[in-house]
Amino acid sequence: MDLIVYTASNLINISASETIKQVTVFDVLGRELFNGASFNEKEVTIDSILPTNQALFVKTTLFNGVVITKKVVH
């Protein structure tokens with residue numbers, strides 16, 4: 001599974017080789033900052049989190065059941 005998480009222009013971008021089912025974003029304290037489901041796409045852009053130069057964990061669930069968590073600074 002290829003999953004790429006990166007930031008650009010105050011956005012968090014997620015690109016996967018499979019269809020994305022759900023994305024949840026947490027800060028380092030475990031607080032949930034974003035939770036979205038039913039994307040049905042291979043690319044997702046999150047614009048609702050303001051950049052504060054902190055580490056965030058992006059938990060992505062794909063339609064085939066695979067869960068991948070990546071860290072990004074935003």
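The following dialogue examines selected residues of this predicted model.

Residues are numbered from 1 along each chain as its sequence is written. In this predicted model, local features need pLDDT of at least 70 and side-chain atom pairs count only at pLDDT 80 or more, while totals for chains, interfaces and linings use all residues, and side-chain values use heavy atoms, with hydrogens and water left out.

Colleague: Which strand gives the most residues to the largest nonpolar core?

Modeller: A nonpolar core is a set of buried Ala, Val, Leu, Ile, Met, Phe, Trp, Tyr and Cys residues joined through side-chain atoms within 4.5 Å; buried means under 20% relative accessible area, exposed over 50%, and partly exposed in between, with a 1.4 Å probe and protein chains only. The largest core has 17 residues, of which I14, V23, V25, I46 and V58 touch the most other members. Strands β1 (3–8), β2 (11–27), β3 (32–46), β4 and β5 (67–73) each supply at least two residues of this core, where strands (E, at least two residues) are DSSP runs numbered from the N terminus. The strand that gives the most, with six residues, is β2.

Colleague: Which residues does V72 touch, not counting residues up to four places away in sequence?

Modeller: V72 lies in strand β5 and is buried, with a relative accessible area of 8%. Its C-alpha atom is separated by 20 Å from that of E18, the two residues being 54 residues apart along the chain. With contact meaning heavy atoms within 4.5 Å, V72 touches V5, Y6, T7, Q54, A55, L56 and V58.

Colleague: Which residue forms a salt bridge with R31?

Modeller: Side chains of opposite charge can pair when their charged atoms come close. A salt bridge is a side-chain nitrogen of Lys or Arg within 4 Å of a carboxyl oxygen of Asp or Glu, and by this rule the count comes to one. The closest N and O atoms of this pair are 2.6 Å apart. The partner of R31 is buried, with a relative accessible area of 3%, and its name is D27.

Colleague: To which residue's backbone oxygen does the side chain of H74 reach?

Modeller: H74 lies in the segment after β5 and is buried, with a relative accessible area of 6%. Leaving aside neighbours within four places in sequence, H74 is in contact with several residues, including T7, N10, L11, P51 and L56. The side chain of H74 comes to 3.0 Å from the backbone oxygen of I49.

Colleague: What is the approximate area of the nonpolar surface patch made by V28, L29 and F57?

Modeller: Patches are made of residues with over 30% relative accessible area and no salt bridge, with like charges joined within 9 Å and nonpolar side chains (Val, Leu, Ile, Met, Phe, Trp, Tyr) within 5 Å. F57, in strand β4 (residues 55–62), is partly exposed, with a relative accessible area of 31%. By the Shrake-Rupley method with a 1.4 Å probe, for which only the protein chains shown count as cover of residues, the patch has an area of about 300 Å².

Colleague: What is the approximate phi of N40?

Modeller: N40 lies in strand β3 and is partly exposed, with a relative accessible area of 48%. Its phi has a positive value in a residue other than glycine. That value for N40 is near 55°.

Colleague: What is the approximate phi of N10?

Modeller: N10 is found in the loop between β1 and β2 and is exposed, with a relative accessible area of 52%. Here too phi is positive in a residue other than glycine. For N10 the value is near 65°.

Note on methods: Helices (H or I, at least four residues) and strands (E, at least two) are DSSP runs, numbered from the N terminus. A polar contact is a pair of N or O atoms within 3.5 Å; within protein, one must be able to donate a hydrogen and the other to accept it, and residues adjacent in sequence count only if both atoms are side-chain atoms.
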